[in-house]
Structures are given as structure tokens and as C-alpha cells.
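Q: Got a minute to go through this one with me? I'd like to start with the packing.
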Amino acid sequence: MSTAWLSLGSNLDAEANLAAAARALRARFGAVVFSPVYRTPAVGFEGPDFLNAAAVLDTDLDPFALNDWLHALEDSQGRQRGGARFSSRTLDIDIVFFDDLVLKGPGNLELPRPELHQAFVLKPLADIAPHHRVPTTGETLAALWDAHAQAAQPPALDTLSLA
């Protein structure tokens, strides 16, 4: 078994899509730990705010198979691919960490995920795995968030709970 840390986001029917993703993740992987849900502005484009969360799960899949499974989940929630990279979406789930692997692969798979430095990824992950160390730097998520929070306003906590 391996451990995967995921980033989840949506800005189109966000509450329904994140709740559906949480149900699907639990149905496939069993016990999944979810962060609080945060409301953040769109990054890289003008659009509705996103709801963002993180999840940690144990998996029998390798990172490539997990990435494919997550893409199928996104597609089942109406994800449209092929448009602008930065755009509104029904569901976006990325693997941020997979054990301590560092790799690039098909399907936009990159570990650790380069968006880790963004508040919408970092804050939810730091909430549920503060002592997890980034394999490329050895820094903990808590230390990264502390450094980030001093320079930026934290995202707003939303009322939706996936727990």
C-alpha cells in the first residue's frame, strides 16, 4: 500500500461536485482524511471563486493508475478537457504527493505537484498533514504554510465539510 495526498477543487457547482468526489473516493479507497474546505479566488484567470480541499488516502494503485482513476472521476463529474489550462472546472483532483516519489509522467502527472506553493493547495494539505515532508526539500507542510502565511492572506474557510 502507498499513501497519496490529493488536492481537490471546483468552481462550477462546487459543493455538489466536491461532495460527489468525496463519496467516490471513500467508496474506492475506504478511510479518507479530508481537510476543511476553503474558498479561494481563481488563479490565472477571471472566474468564480473555487472551493478547495485536500485528502489523504492509502491506495493499492501505482501513481499512474491513480492519476487515470482520478481523471475518470473528474470526467464523471462533467470535467471538460482541451480548453484553456486556467479555466473554470467542475472538478480538478491532482496528486500532490505519492509516498516520497519525485517524477513526471503522462496525464500531467508531476510529483510533488508544482502548485504546492499556492495557498489553495498548501493550506488544506498543511491542515491534515502538517508534519509531512516535501521529498525534494525536506521541509514540512506546516513550515511551508507558516512561511507562506506571513507573506499572503490565507484563504477563507468555507462552511462545506467533506469529513
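A: Sure, one term before that: a nonpolar core here is a set of buried Ala, Val, Leu, Ile, Met, Phe, Trp, Tyr and Cys residues joined through side-chain atoms within 4.5 Å. And keep in mind that this is a predicted model.

Q: OK, which residues touch the most other members of the largest nonpolar core?
A: Leu6, Leu8, Leu25, Leu66, Ile93 and Ile95, out of 28 residues in that core.

Q: And which element gives the largest share of this core?
A: Helix H1, with six residues. Strands E1, E2, E4, E5 and E7 and helix H2 are also among the elements that each supply at least two.

Q: What is Leu66 in contact with, leaving aside its neighbours within four places in sequence?
A: Ala4, Phe29, Thr59, Leu61, Ile95 and Phe98.

Q: What other core lies apart from that one?
A: There's one of 16 residues, and Ala119, Val121, Leu122 and Trp145 are among them.

Q: Switching to H3: how many of its residues are buried?
A: Seven of the 10 in residues 119-128, so the helix is mostly covered. Lys123 and Pro124 are among the buried ones, along with Ala119, Val121, Leu122, Leu125 and Ala126.

Q: What's the overall layout, read along the sequence?
A: β-α-β-β-β-α-β-β-β-α-α-β, with four helices and eight strands. Of the 163 residues, 48% count as buried.

Q: Last thing, confidence: which element has the lowest mean pLDDT, and which the highest?
A: Strand E8 (residues 156-161) is lowest at 68, and strand E2 (residues 32-34) is highest at 97. The protein averages 89, with 88% of the residues scoring at least 70.

How values were computed: Residues numbered from 1 in each chain as written. Predicted model: local features only at pLDDT ≥ 70, side-chain atom pairs only at ≥ 80, totals over all residues. Heavy atoms only, no water. Buried < 20%, exposed > 50% of the residue type's maximum accessible area, 1.4 Å probe, protein only. pLDDT = per-residue confidence, 0-100. Contact = heavy atoms within 4.5 Å.
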